Amino acid sequence: MSEATQNPNSTPLSNEELAAEATPSFSLPLDLLGDAQAELANLKAQNADLADQFLRAQADVQNARRRADDEIAKARKFAVEGFADSLLPVLDSLEAGLAIPNVTIEQIREGSEATLRQLKSALERNKVLEIAPPAGTKFDPHHHQAISVVPAEQEANTVVSVLQKGYSIADRVLRPALVTVTAPK
């Protein structure tokens, strides 16, 4: 403490003087202050660079998301394009067959069979597969729909006959095959 605070006869110190005495006084060398200012400027520059990189990365993510959404929308819009393209020859065959005047029954049959082959080929190219279980096949409720149950010599719950073929696409049943199955004995 100073002599003024220790001497009871002296005049009391003001608040400013007390604060000045209580605060340690030290001065930074100018080169240390310059280094700190340079470091601060460097950190500000790095901060600005990182903020810019962040904004650019955010913009890239938004652009990628927008492009992906556009591609998904186009895929949905044109999903049946390949399928429709494979059915156009079938349509052409039907129109050509109907355009022929004075056609015979044999020509109609030949044209219908050729058109049916084209249609089956188009369906197979697009992974639409036929479900037509042969007689004696075990009944599968995932691919078959039993229309009736008949007594037969075969094992119970086996297919006796197919009333209507079923179809699947990519392992998903579009329509189950309508079948008659054997009754339990």
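# Strands, a pocket and two residues

Reader: Let's start with the open sheet of three strands: what's its order and pairing?

Author: The order is E2-E6-E3, and the pairing is mixed. Strands here are DSSP runs (E, at least two residues; helices are H or I, at least four), numbered from the N terminus. Two strands count as paired if DSSP finds at least two bridges between them. This is a predicted model, where local features need pLDDT of at least 70, side-chain atom pairs count only at pLDDT 80 or more, and totals for chains, interfaces and linings use all residues. Residues are numbered from 1 along each chain as its sequence is written, and side-chain values use heavy atoms, with hydrogens and water left out.

Reader: Ok, which are the edge strands?

Author: Strand E2 (144-150) and strand E3 (159-164), each pairing on one side only.

Reader: How do E3 and E6 run, and how many bridges join them?

Author: They run antiparallel, and four bridges join E3 to strand E6, residues 177-182. One residue to look at there is valine 159, which sits in E3 and has valine 181 in E6 as its bridge partner.

Reader: Is valine 159 buried or exposed?

Author: Buried: valine 159 has a relative accessible area of 0%. The cut-offs are under 20% for buried, over 50% for exposed and partly exposed in between, using a 1.4 Å probe and protein chains only.

Reader: What does valine 159 touch?

Author: Not counting residues up to four places away in sequence, its contacts include Pro133, Pro134, Phe139, His144, Gln154 and Val179. Contact means heavy atoms within 4.5 Å. Also, the C-alpha atoms of valine 159 and lysine 138 are separated by 6.2 Å, though the two are 21 residues apart along the chain.

Reader: Switching to strand E4: which way do its side chains point?

Author: They alternate along E4 (residues 166-169): Gly166 and Ser168 are buried and point to one face, while Tyr167 and Ile169 point to the other and are not buried. In a regular strand, that alternation between the two faces of the sheet is what you get.

Reader: And which strands is E4 joined to by bridges?

Author: Strand E1 (residues 128-131) runs antiparallel to E4, with four bridges joining them, and isoleucine 131 stands opposite glycine 166. E4 is also joined to strand E5 (residues 172-175), again antiparallel, by three bridges. In that pair, serine 168 has valine 173 in E5 as its partner.

Reader: What's in the turn between E4 and E5?

Author: The two strands form a hairpin with two residues between them, and alanine 170 in the turn has a positive phi of about 50°.

Reader: Now pockets. What's the volume of the largest pocket?

Author: About 230 Å³. On a 1 Å grid over the protein atoms alone, a pocket is an open set of points where a 1.4 Å probe fits, with protein on both sides within 12 Å along at least five of seven lines, and lining residues have an atom within 4 Å of a point. The volume is the space filled by probe spheres set on the points, which are joined across faces, edges and corners.

Reader: Which element gives the largest share of the lining?

Author: H5, with five residues. Helix H4 (81-99) and helix H5 (105-125) are the elements giving two or more. Among the lining residues are Ser93, Leu94, Gln107, Ile108 and Thr115.

Reader: Lysine 120, what's its exposure and what is it in contact with?

Author: Lysine 120, which lies in H5, is partly exposed at 37% relative accessible area. Leaving aside neighbours within four places in sequence, lysine 120 is in contact with Glu130 and Lys165.
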